[in-house]
Amino acid sequence: TYEGSPKWLTIARNQDVLNYGAQQASVNNPDLFNTECSVMPVIAYLSDHRAETLDRVVEASAEFAAAHNTPERQFLLAAGSAGIEAATNIVVRKAWIQMLILVYAAVIVLCFITFRSWRAVVVAVVPLVITSILCEALMVVLGIGVKVATLPVIALGVGIGIDYALYLLSVQLAQQRLGVSLAEAYRRTLQFTGKVVVLVGVTLAAGVITWALSPIKFQADMGILLAFMFIWNMIGAIVLIPALSHFLLPSGSRAPLHRPSKQGPSPRTDEDDHLTRADYRHAV
């Protein structure tokens, strides 16, 4: 009733005016309070809804509530769009850490069951960890926050990335178990599954990078992050797996995966360079 003029911003002394104001408030703004007057909101208009701003509001509100709560009066959080966003950020922040722990724990366990060697697990997982760190750095540079929309991308990137490592390591270890040197084993791996890994990585990245042109911010963010993780997981697998294998999975007498037969090594022939799939299965 003050028509936007601070001069008249006051509580009327006339009971009839107060009754009319309360009636209009209850009819036009039912979210302000209930008929029993047991719940009333304290509304604050924020300059923006960035995570830093919401965190400051939540912290200040929690401190105020802790200092002024009584058995008859309780100050509660989360009302309105800002409150819902703040609660969502808290849940996402907690779920982000839990998701990373569970995803990497599942990957490590399944890789260990597959390879039966902790050295091979380290070779497969280290490129994934590096890619995840680089992806979070890219999100900081581009101003993309961790939210409900971007949270599954990290898990998806880890799931796709471990595929590349499995394709390469399976063939490489099979070759090493046959007594082939690490350099030769990895050369054959690139000829056998390495080309497929590069093709898959480039194809997936090319398919999602077009999302970056979308006017929908969610879709554009997803396209950039997915393309980055597809490409860097592929590059990391191609480059880091042989480098880490040099230190953790060496060939020769030091190789923990090489078990020569009692008859000694057989002489090499030209057919060794053209192993069949049955030879790979037998080696594994």
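**Entry 1: the chain as a whole**

I began with burial: 31% of the 284 residues in the protein chain count as buried. I note here that the model is a predicted one. I looked up the accessible surface next, and for the protein chain it comes to about 18600 Å². Carbon and sulfur atoms own 64% of that surface.

I then listed the secondary structure and found 8 helices and 0 strands. Read along the sequence, the pattern is α-α-α-α-α-α-α-α. I also checked how far apart in sequence the contacting residues are. Among contacts with a separation of 6 or more, 72% are between residues 24 or more positions apart.

**Entry 2: the nonpolar core**

I asked which residues have the most contacts inside the largest nonpolar core. They are L169, L225 and I241, in a core of 46 residues. Two or more residues of this core come from each of helix 3 (80-115), helix 4 (118-142), helix 5 (151-177), helix 6 (182-209) and helix 7 (217-248). Helix 7 gives the most, with 13 residues. As background, nonpolar side chains in soluble globular proteins tend to be buried together.

I picked I241 for a closer look. Setting aside neighbours within four places in sequence, I241 is in contact with V123, A165, L168, L169, Q172, Y186 and G236. L169, one of these contacts, is also among the residues with the most contacts inside the core.

**Entry 3: helix 4**

I checked the length of helix 4 against expectation. At 1.5 Å a residue, its 25 residues should span 36 Å, and the end C-alpha atoms are 36 Å apart, so the two values agree. I also looked for a bend, and where is it? Helix 4 bends by about 25° at V125, with a proline, P127, following within four residues.

I went through the helix for buried positions. They are A120, V121, V123, A124, V125, P127, L128, T131, S132, C135, L138 and M139. V125, the site of the bend, is thus on the buried list. The cover over the buried residues of helix 4 includes helix 3, helix 5 and helix 7.

I130 also lies in helix 4, but I130 is partly exposed, at 37% relative accessible area. I looked up its distance to N233: the C-alpha atoms are 8.9 Å apart in space, while the two residues are 103 apart in sequence.

**Entry 4: the two ends of helix 4**

I looked at the backbone on either side of this helix. R116 is in the loop between helix 3 and helix 4, and R116 has a positive phi of about 55° although it is not a glycine. For context, most residues other than glycine have a negative phi. Is R116 buried or exposed? R116 is exposed, with a relative accessible area of 65%, and the cut-off for exposed is over 50%.

After helix 4 comes G143, and its phi is positive too, near 75°.

**Entry 5: aromatic pairs**

I asked how many aromatic pairs there are, and the count comes to 2. In one pair, F64 and F75 have ring centres 5.1 Å apart and planes at 80°, so the pair is edge-to-face. F64 is in helix 2 (residues 51-68) and F75 is in the loop between helix 2 and helix 3, so the pair ties together parts 11 residues apart in sequence. F64 is partly exposed, at 40% relative accessible area. F75 is partly exposed as well, at 29%.

The rings of F228 and W232 have centres 6.0 Å apart and planes at 45°, so this pair is tilted. F228 and W232 both lie in helix 7, 4 residues apart, about one turn of the helix. In general, an α-helix has 3.6 residues a turn, so residues three or four places apart point the same way. F228 is buried, with a relative accessible area of 17%, whereas W232 is partly exposed, at 37%.

**Entry 6: N69**

I returned to the loop between helix 2 and helix 3, where N69 lies. Which residues does N69 contact, leaving aside its neighbours within four places in sequence? They are Q74 and F75. F75 was met above as a partner of F64 in the edge-to-face pair. N69 itself is partly exposed, at 30% relative accessible area.

Terms used. Residues numbered from 1 in each chain as written. Predicted model: local features only at pLDDT ≥ 70, side-chain atom pairs only at ≥ 80, totals over all residues. Heavy atoms only, no water. Core = buried A, V, L, I, M, F, W, Y, C linked by side-chain atoms within 4.5 Å. Buried < 20%, exposed > 50% of the residue type's maximum accessible area, 1.4 Å probe, protein only. Contact = heavy atoms within 4.5 Å. Phe/Tyr/Trp six-rings, centres within 6.5 Å; stacked < 30°, edge-to-face > 60°. Expected span 1.5 Å × (residues − 1). Bend = angle between axes of the 7 residues up to and from the residue. Areas by Shrake-Rupley, 256 points an atom, 1.4 Å probe, with all protein chains shown as cover.
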